[in-house]
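Colleague: Before we look at anything, could you take me through how the interior of a protein model is read, feature by feature?

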Amino acid sequence: MKTSNIPVLIIGAGPTGLMAAAQLQRFGIPYRIIEKRKGTTTFSKALAVQARTMEIYEQMNIVDQALELGIPAQRAEIMVKGQDVQTLPLSETGADFTPFPYVFVLEQSCNEALLLEYIEKKGGQVEFNTEMTSFQIQANGAQVEITTADGTQEQINADWVIAADGGRSPVRHALNIPFKGDTYKNIFYVVDTSVFWQKDHNAIHINLADNNFTGFFPITDEDGTRYRLVGILPESYSEQENIQFEDISSYIKDIQHLDIEFGEANWFSVYKVHHRCIDRFKEGPVFFAGDAAHVHSPAGGQGMNTGLQDAYNLAWKLALVVQGKAKQTLLDSYHNERWPIANQLVNSTDRAFSSVVKKGSLINWFRLNIAPVLIGRLMGIKAIQQRAFKIVSQVGINYPDSLVSNSSIYLNKKTPHPGDRLPYLEILDEKTGKLKSLYQQLGEQTFHAIIWLSNKDKIQDKDAYAVKTFLDNNYANLFQTHIIYDQTENVPAFQTLHLNHSTLYLIRPDNYIGYIGKVDDLKALEDYLQLFLVR
C-alpha cells in the first residue's frame with residue numbers, strides 16, 4: 001500500500017470542505033481533499049447565502065460571479081391560507097451594516113461549483129471518487145486509509161485533519177464522538193419546481209395553514225418561475241414508498257388554500273430534520289466543521305453559511321500553525337469561538353422551527369391569528385429589525401471571550417470591541433479620491449493594523465510608522481499597516497466607531513477585530529501578539 005504524508009487532509013468536499021481547501025490555498029498550505037462522490041452536487045439543497053458569507057466571497061474576489069447566478073431576496077412575505085398578512089423588509093434594515101443587505105438565494109450546487117472553480121484556478125484539485133476506509137489518531141497526527149474508485153488503496157499520514165464529511169460523519173463515528181440532539185417527528189418534503197402565480201419572484205414567501213406551512217424560495221431561471229418549496233409531508237403519505245411530487249401537489253394547493261399551478265419537478269425528496277451538535281469541535285489533530293459538527297432545522301437559512309464560516313474561521317489559524325508562525329494554542333480558539341455559535345444556533349432554530357411545525361388547536365390558532373400580527377409589529381421597531389437582521393445575516397456573530405480578543409484601553413459600550421466583526425465602513429481611497437469600502441481596501445487575507453489618526457491628540461505620523469516598523473521587523477509578511485486620518489471624508493467612519501482619539505485596531509485575517517489599543521503603546525501590542533504568534 002502506498003504511503004504519503006501531508007500537513008492537512010480535508011475529508012469531504014461539500015461547501016464546508018471546499019471552503020477550507022480554498023482558504024488553505026490562499027495561504028499556500030499543502031493539503032489534500034477527498035470526496036467519495038463523483039463530483040460536486042447537482043441538486044439545489046441549501047439555498048440561502050447570508051450577508052456574512054457574501055462578504056467572504058467578496059474578499060475571495062468571487063462575489064461578482066455569485067451575484068450573476070443568484071437572486072437577492074429583498075423581503076419576506078408572510079401569508080395565512082393564501083392571503084397576504086405581513087411583509088418583512090430585508091434590504092432597508094441591513095443597509096447600514098453590509099453591502100449585501102438581503103438574503104441571497106443561490107443554490108448549494110452553484111456555491112460548490114464556485115468554490116471548486118476557485119480551487120482549480122489556484123492550482124488545487126479535489127480527489128473525487130475517493131473514500132476514507134480507516135481512521136486512527138496517532139501520536140503526531142492521524143493515519144487515514146483511502147480507496148479510490150478503481151480500488152487503489154493508500155495510507156495518508158496527516159498532521160491535521162478537517163472532518164467536513166457531513167451529518168453522518170465517518171470520522172466522528174470512528175472516534176465515537178456523541179452527536180447530541182434529537183429528530184423532529186414530522187417528515188418534510190422539498191421540491192424544485194416552476195410555480196405559476198401572481199407573486200413577486202424576488203421575495204421569499206411563507207404560507208401558514210392549519211397545522212402546516214409551505215416556504216417558497218425563488219431560484220434563478222430565465223422565466224422567473226422556479227422555486228424551492230419546503231413543507232410538511234401529509235401524514236397519509238408518511239408510509240408510502242417512492243413517493244413523487246405529483247402525488248402530493250394537489251394536497252399542497254388544497255391544504256394551503258393557494259391558487260397556483262405547478263410545473264414539472266426538477267428535484268423532489270422527503271426527509272427528517274435533525275437538531276444535533278457535538279460537544280467539542282477539536283479532538284487532538286482533528287477539527288470538525290459544518291454538518292459533521294452541527295445540524296439543525298432550515299429556519300433562517302443558517303446551515304450552509306455556518307459550515308462555510310467554520311472553515312473560514314479555522315483555515316487561517318491552521319495555516320499560521322503549519323507555517324510555524326503561530327503557537328498551537330491558537331487552534332484551541334476554533335472550538336472556543338465556533339462551538340458556542342453552533343450550539344446556540346441549534347437551540348434557537350429548534351425553538352423557531354418548533355413554533356411552526358408543532359401541532360395542536362391552540363398553537364395553530366395562535367400561529368395563524370396572532371403570530372403574523374405580532375411579528376409585523378415587532379419588526380416595525382427599528383432596533384428589533386436591526387437585531388433580527390444581524391442574527392439572520394450572521395454579521396452580528398462575535399467572539400468576545402476568545403484568546404485572540406483583547407483590549408488595552410477602556411472601551412465604551414457603543415464602540416466595537418475585540419471579537420466583533422469589523423463594521424462595514426466607507427473610507428476615502430487616496431488613489432481615486434472616492435469613498436470605498438474598507439473591506440475592499442484591506443483586501444488580502446492577512447492581519448491588518450489600522451491606525452485611526454485623530455487630530456484631537458498628540459499622536460503623529462511618526463507614532464503610526466513606529467507601529468509599522470515594529471510589526472515589519474518582528475512579524476515579517478504577517479501584517480499590512482493602514483493609516484486613516486480623520487479628514488472630512490472619513491469623519492462618518494470615526495463617528496461610527498465612536499473614536500475621539502487616535503486608536504490602533506488589529507484586524508484578524510477573517511475581518512474580526514483582534515486587538516484595540518493605544519497607537520504609542522508598543523509594549524501592550526507586543527504582549528498581545530505574544531499570546532499566540534511566534535516571533
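Modeller: We shall go through cavities, the nonpolar core and aromatic pairs in turn, keeping in mind that this is a predicted model.

Colleague: Then let us begin with empty space: how many cavities of 30 Å³ or more does the structure hold, and which residues line the largest cavity?

Modeller: The general idea is that rolling a probe the size of a water molecule over the atoms shows where empty space is left. In this structure there are 3 cavities of 30 Å³ or more, and the largest cavity encloses about 50 Å³ of space. Its lining is made of R52, I56, Q309, Y312, N313, R338, Y399, D510 and Y512, a set that divides into 4 nonpolar, 2 polar and 3 charged residues.

Colleague: Which helix gives the most to that lining?

Modeller: The helix that gives the most is α8, with 3 residues, while α2 (51-59) and α8 (303-322) are the helices that each supply at least two.

Colleague: How should I read the nonpolar core, and which of its members touch the most others?

Modeller: In soluble globular proteins, nonpolar side chains tend to be buried together. Here the largest nonpolar core has 105 residues, among which Y57, L529 and L533 touch the most other members. The largest share of this core, 11 residues, again comes from α8. As for L529, leaving aside residues up to four places away in sequence, its contacts are F470, L471, Y475, F479 and L506.

Colleague: Helix α8 also contains K317; is K317 buried or exposed?

Modeller: K317 has a relative accessible area of 0%, and because buried means under 20%, K317 counts as buried. Beyond residues up to four places away in sequence, K317 touches L330, L331, S333, Y334, E337 and R508.

Colleague: Turning to aromatic rings, how many aromatic pairs does a search of the whole structure find?

Modeller: The search finds 22. One of them joins F470 and Y475, with 6.4 Å from centre to centre and 65° between the planes, an edge-to-face arrangement. The pair formed by Y528 and F532 is also edge-to-face, because the planes stand at 75°, with the ring centres 5.3 Å apart.

Colleague: Are the rings of these two pairs on buried or exposed residues?

Modeller: F470 is buried at 11% relative accessible area, and Y475 is buried at 2%. Y528 is likewise buried at 4%, and F532 at 0%.

Colleague: Which residues form one aromatic cluster?

Modeller: The cluster is formed by W316, F447, F470, Y475, F479, Y515, Y528 and F532. Among these, F470, Y475 and F479 are also contacts of L529.

Definitions and conventions:
Residues are numbered from 1 along each chain as its sequence is written. This is a predicted model: local features need pLDDT of at least 70, side-chain atom pairs count only at pLDDT 80 or more; totals for chains, interfaces and linings use all residues. Side-chain values use heavy atoms; hydrogens and water are left out. On a 1 Å grid over the protein atoms alone, a cavity is a set of points where a 1.4 Å probe fits but cannot get out, and a pocket is an open set with protein on both sides within 12 Å along at least five of seven lines; lining residues have an atom within 4 Å of a point. Grid points are joined across faces, edges and corners, and a volume is the space filled by probe spheres set on the points. Helices (H or I, at least four residues) and strands (E, at least two) are DSSP runs, numbered from the N terminus. Ala, Val, Leu, Ile, Met, Phe, Trp, Tyr, Cys and Pro count as nonpolar, Asp, Glu, Lys and Arg as charged, and the others, Gly among them, as polar. A nonpolar core is a set of buried Ala, Val, Leu, Ile, Met, Phe, Trp, Tyr and Cys residues joined through side-chain atoms within 4.5 Å. Buried means under 20% relative accessible area, exposed over 50%, partly exposed in between (1.4 Å probe, protein chains only). Contact means heavy atoms within 4.5 Å. Rings of Phe, Tyr and Trp (its six-membered ring) pair if their centres lie within 6.5 Å; planes under 30 degrees apart count as stacked, over 60 as edge-to-face and the rest as tilted.
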